[in-house]
Amino acid sequence: MVRAAVVTCGGLCPGSNTVIRELVVGLNELYGVKDIYGIPMGYRGFYSADPIKLDPDSVHDWHKKGGTMLMTTRGGFDLEKIVDAIVKHGYNQLYVIGGDGTMRGALDIFKELKRRKLRISITGVPKTVDNDIGIIDRSFGFDTAVEVAQQAISAAHTEAESAVNGIGLVKLMGRSTGHIALYATLSSRDVDCCLIPEMNFHLYGKGGLFEFIDERLKQKRHTVIVVAEGAGQELIARTESETLERDPSGNPLFADIGVYLKKEFKKWWDQAHPGELFTVKYIDPTYMIRAVPANASDNLYCTLLAHSAIHGVMAGYTGFVSGPINRNYGYIPLEDIATTKNVVDTKDHTWAWVRSVTNQPDFGISED
Ligand SMILES: Nc1ncnc2c1ncn2[C@@H]1O[C@H](COP(=O)(O)OP(=O)(O)OP(=O)(O)O)[C@@H](O)[C@H]1O
Ligand SMILES: O=P(O)(O)OC[C@H]1O[C@](O)(CO)[C@@H](O)[C@@H]1O
């Protein structure tokens, strides 16, 4: 008899609740599974919280909700305790929803289950607004996040346009990759410069950001800059211990590049154009872009991901992730997903497209 457990880990992502809902409804309606449990609070919930019994009635409207109804945490990955709890509760199917860190944890669980010779299936459903999971076409929630990010850019544009020498500055999520910033820039068309973690940029001097902004302000009297949270970290003075700060999962904690740039913009303008009117409007929609319900295309995508995960497990597979590769759904080894990363390639056509839309400087990228 099937006894399934579902867990969500890492940051929030639009669509997590849809995946949970579709796993529960799909297991129940397609395969008649009745014993389905939600593990609250991420990995640590396996050994430190009571499981929540789920059925189609209890999850019926979850796809309309942002966040995760199961709650999520970072850290707390204790392999022995997790696997002991899985055995204790008698789960034989595990559905793990999370990003790259979660997938690395799922891989460890998969290996430990194998080492203990336990007949328990584990599958990952890749989730992250950052879209930094490799191999698959995109991760769920990304589309929704880009859509909301555009609203922030639009507001920054309106503010900048309505001021004299106005800068609209928007900071978007993207710890180590700039996919959200890039796609929001391409789709909004209001952005003059997009700064991402995959590139270095400088502020002063030839080919620098300030020279570019100066030009733009002369031409248009306003400019819009989008920066991903992980960009330009090397520009900000921090003590060694500050640079070593980590969240409970071991991810680096960053200085606020938006606040830094806003301050630097003012400093530069006062020196370069003393007495002239100037405004910076800084918008930080960080959590707003991910704490929303999934849009239509992400909801549909989540349903397909959940159902193909179920079919894979029911077909006897384990240690895999289901996802689209060039639009064809496949089963990908967890190991491959856990060890690859999708970063923006500043030498490829998508970045070239950003450059052609914005006409921003290349900050020396082409000389590398
Ligand atoms: N290398 C690893 N091995 C085992 N477990 C890990 C590893 N890295 C992270 N984890 C665990 O996976 C869970 C989620 O990790 P993390 O907080 O990095 O989020 P994530 O899955 O990468 O999602 P997000 O994209 O939202 O950051 C945490 O409980 C963390 O302890
Ligand atoms: O503040 P939290 O919840 O730890 O999450 C922040 C991080 O989560 C993400 O949204 C996903 O990894 C990153 O873009 C961001 O750096």
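**Pockets, ligands and a hairpin**

Me: The largest cavity has a volume of about 40 Å³. Why is it called a cavity, and what does its volume stand for?
Reply: On a 1 Å grid over the protein atoms alone, a cavity is a set of points where a 1.4 Å probe fits but cannot get out, and a volume is the space filled by probe spheres set on the points, which are joined across faces, edges and corners. The count comes to one cavity of 30 Å³ or more. Please keep in mind that this is a predicted model, where local features need pLDDT of at least 70 and side-chain atom pairs need 80 or more, while totals for chains, interfaces and linings use all residues. Residues are numbered from 1 along each chain, chains are lettered from A and ligands numbered from 1 in the order in which they are written, and side-chain values use heavy atoms, without hydrogens and water.

Me: Which residues line the largest cavity, and what classes do they fall into?
Reply: Its lining residues, which have an atom within 4 Å of a point, are Thr8, Cys9, Gly10, Gly11, Leu12, Cys13, Ser16, Gly67, Thr68, Thr72 and Lys127. They divide into three nonpolar, seven polar and one charged; Ala, Val, Leu, Ile, Met, Phe, Trp, Tyr, Cys and Pro count as nonpolar, Asp, Glu, Lys and Arg as charged, and the others, Gly among them, as polar.

Me: What makes the largest pocket a pocket rather than a cavity?
Reply: A pocket is an open set of points, with protein on both sides within 12 Å along at least five of seven lines. About 960 Å³ of space lies in the largest pocket, and 41 residues line it, with Gly11, Arg74, Arg175, Asp247 and Asn251 nearest its centre. Helix α4 (residues 100–115) gives the largest share of this lining, six residues; helices (H or I, at least four residues) and strands (E, at least two) are DSSP runs, numbered from the N terminus. By class, the lining of the largest pocket has twelve nonpolar, 14 polar and 15 charged residues.

Me: How do you know that glycine 11, serine 249 and asparagine 251 make polar contacts with ligand 1?
Reply: A polar contact is a pair of N or O atoms within 3.5 Å (within protein, one must be able to donate a hydrogen and the other to accept it, and residues adjacent in sequence count only if both atoms are side-chain atoms). For ligand 1, an oxygen atom is 2.7 Å from a backbone N or O atom of glycine 11, another pair with the side chain of serine 249 is at 2.6 Å, and a polar side-chain atom of asparagine 251 lies 3.0 Å from a ligand oxygen, so these pairs meet the rule.

Me: What can be said of the side chains that reach ligand 2?
Reply: Oxygen atoms of ligand 2 lie 2.7 Å from a polar side-chain atom of aspartate 130, 2.7 Å from one of glutamate 229 and 2.5 Å from one of tyrosine 287.

Me: Why are strands β10 and β11 called paired?
Reply: Two strands pair if DSSP finds at least two bridges between them; here six bridges join β10 (residues 320–325) to β11 (residues 328–333), and the strands run antiparallel. One of the partnerships links serine 322 with tyrosine 331 in β11. The two strands form a hairpin with two residues between them, and asparagine 326 in the turn has a positive phi of about 50 degrees.
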